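Trainee: Got a minute to walk through a model with me? I'd like to start with the cysteines.

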Amino acid sequence: MSYLALDKLHKAYGSSVAVEGLNLNVEKGEFVSLLGPSGCGKTTTLQMIAGFVEPTNGTIRLDGKDLLKLPPSRRGLGIVFQSYALFPHMSVAQNLAFGLEMRGVGKAEIQKRVSETLDLVGLSDKAGRYPRQMSGGQQQRVALGRALIIKPSILLLDEPLSNLDAKMREEMQVELRQIQQTLGTTTILVTHDQQEALALSDKVVVMSAAKVEQIGSPLDVYERPATPFVASFLGKTNTFTGDGVGTDLIVAGHRIPVGRSISGRCSASIRPEKLSIANGSAGGLPGRVTARVFQGNHWLFQIETPAGLVLFIKQNDGTPVPIPEGQVYLTMKAEDLMLHAGTAI
């Protein structure tokens, strides 16, 4: 039996459906991300687990117990909000101690756990500071510590890193994952950031328009997307639409081998980094470089082809790169193509 089980979870506001028939099993100690665009239902799902929103239908069970029978204060969950929601008139140590005081924990135990948590989040030298005296990253650590100090059965994170700059966000992703793995706390993160979900998670739940599109490991959802939406939402992708003939997809008169028998109208997608540039024209999709952008560890190219505009990523490995307006021939391996039979994009 899964540690946390959501079964046919449904939430509707009148005729508007926010979450439709969601099924999800979370194992103890697992880090799960709910990923999707704004309005897809991920935050509503988190709020139903927390007890802030009552489901229209469905069940939520935690360690075999019906969570819906308990008020939010008795669910034993730790929550970190996007705004951090720190008490501005309390020091770091006081913010951490607050949840324990509300639970009637003794002073000696509070001091011990506050000290341990300060060490855990790297703020031992800032116990007496107030939120206004701290950076965004430091405030995020306080909020995380305050959620963890009560030793929650599940840690719920509602876009906790979205207010940080790019560099700090990457650093906090590493710290957050290290802390979660150290404690083994079951964690559910809501995010719209694909890179964040892929970097942090054991399991990713991709959502769109109130429904789950795919559940799988970061590698699975990226390399083997179940739907065209997942393929396009998780990173950059190129989609070719044409007619299946034998084991080829015919696009604008050019044959793209897909390695399996197909027929009728089909589409296939491929990640930009999976494409290659051929030395000659044999078997390649012809194209003209219309733009190239240097992005540090790689180059990003936009290439105009008979099949439409194609994105191509080449690692910055010191080898020559195509020049603007240059003619290229793109090749791809059949095993790197993600086929969506009967789907026209």
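Mentor: Sure. Keep in mind that this is a predicted model. Take Cys266: its relative accessible area is 1%, so it counts as buried.

Trainee: And Cys40, buried or exposed?

Mentor: Buried, with a relative accessible area of 1%.

Trainee: How many disulfides turn up in the whole structure?

Mentor: Zero, after a search of the whole structure.

Trainee: OK, on to the packing. Which residues touch the most other members in the largest nonpolar core?

Mentor: Val80, Val114, Leu144, Leu155 and Leu157, in a core of 30 residues. The elements that each give two or more residues to this core are helices H2 (92-102), H3 (107-120), H4 (136-148) and H5 (166-183), plus strand E7 (154-158).

Trainee: Which of them gives the largest share?

Mentor: H4, with five residues. There's also another core apart from this one, with 26 residues, and Cys40 is among them, as are Leu9, Leu156 and Met207.

Trainee: Back to Val80 for a second. What is it in contact with, leaving aside neighbours within four places in sequence?

Mentor: On that count, Val80 contacts Ala143, Leu144 and Ala147, then Leu155, Leu156, Leu157 and Asp158, and also Pro160.

Trainee: Now H2. Which of its residues are buried?

Mentor: Val92, Asn95, Leu96, Ala97, Gly99 and Leu100. H3 and H4 are included in what covers them.

Trainee: What happens just after H2?

Mentor: Gly104 sits there with a positive phi of about 75°.

Trainee: Which residues other than glycine have positive phi, then?

Mentor: Asp63 is one of them, with phi near 55°. Asp63 is in the loop between strand E4 (57-62) and strand E5 (65-66). Ala252 is another, at about 50°, and its place is the loop between E12 and strand E13 (254-257).

Trainee: Why do you count Asp63 as exposed?

Mentor: Because its relative accessibility is 51%, and exposed means over 50%. Ala252 is exposed as well, with a relative accessible area of 51%.

Trainee: There's a glycine I wanted to ask about too. Where does Gly246 lie?

Mentor: In the loop between strand E11 (238-245) and strand E12 (248-251). Gly246 has a relative accessible area of 44%, so it is partly exposed.

Trainee: What does Gly246 touch, not counting residues up to four places away in sequence?

Mentor: Arg260, Ser261 and Ile262. For a sense of distance, take Pro218, which is 28 residues from Gly246 along the chain: their C-alpha atoms are separated by 32 Å.

Trainee: Last one, Thr191. Which strand is it in?

Mentor: Strand E8, residues 186-191.

Trainee: Is Thr191 buried or exposed, and what's the number?

Mentor: Buried, with a relative accessible area of 0%.

Trainee: Which side chain makes a polar contact with the Thr191 side chain?

Mentor: That of Glu196, at 3.1 Å.

Trainee: And what does Thr191 touch overall, without counting residues up to four places away in sequence?

Mentor: Leu34, Leu35, Gly36 and Lys42 from earlier in the chain, then Glu159 and Arg169, and finally Glu196 and Ala197. So Glu196 shows up both as a touching residue and as the polar partner of Thr191, which is buried at 0%.

Technical notes
Residues numbered from 1 in each chain as written. Predicted model: local features only at pLDDT ≥ 70, side-chain atom pairs only at ≥ 80, totals over all residues. Heavy atoms only, no water. Core = buried A, V, L, I, M, F, W, Y, C linked by side-chain atoms within 4.5 Å. Buried < 20%, exposed > 50% of the residue type's maximum accessible area, 1.4 Å probe, protein only. Helix = DSSP H or I, 4+ residues; strand = E, 2+ residues; numbered from the N terminus. Contact = heavy atoms within 4.5 Å. Polar contact = N/O pair within 3.5 Å; in protein donor to acceptor, adjacent residues only side chain to side chain. Disulfide = S-S within 2.5 Å.
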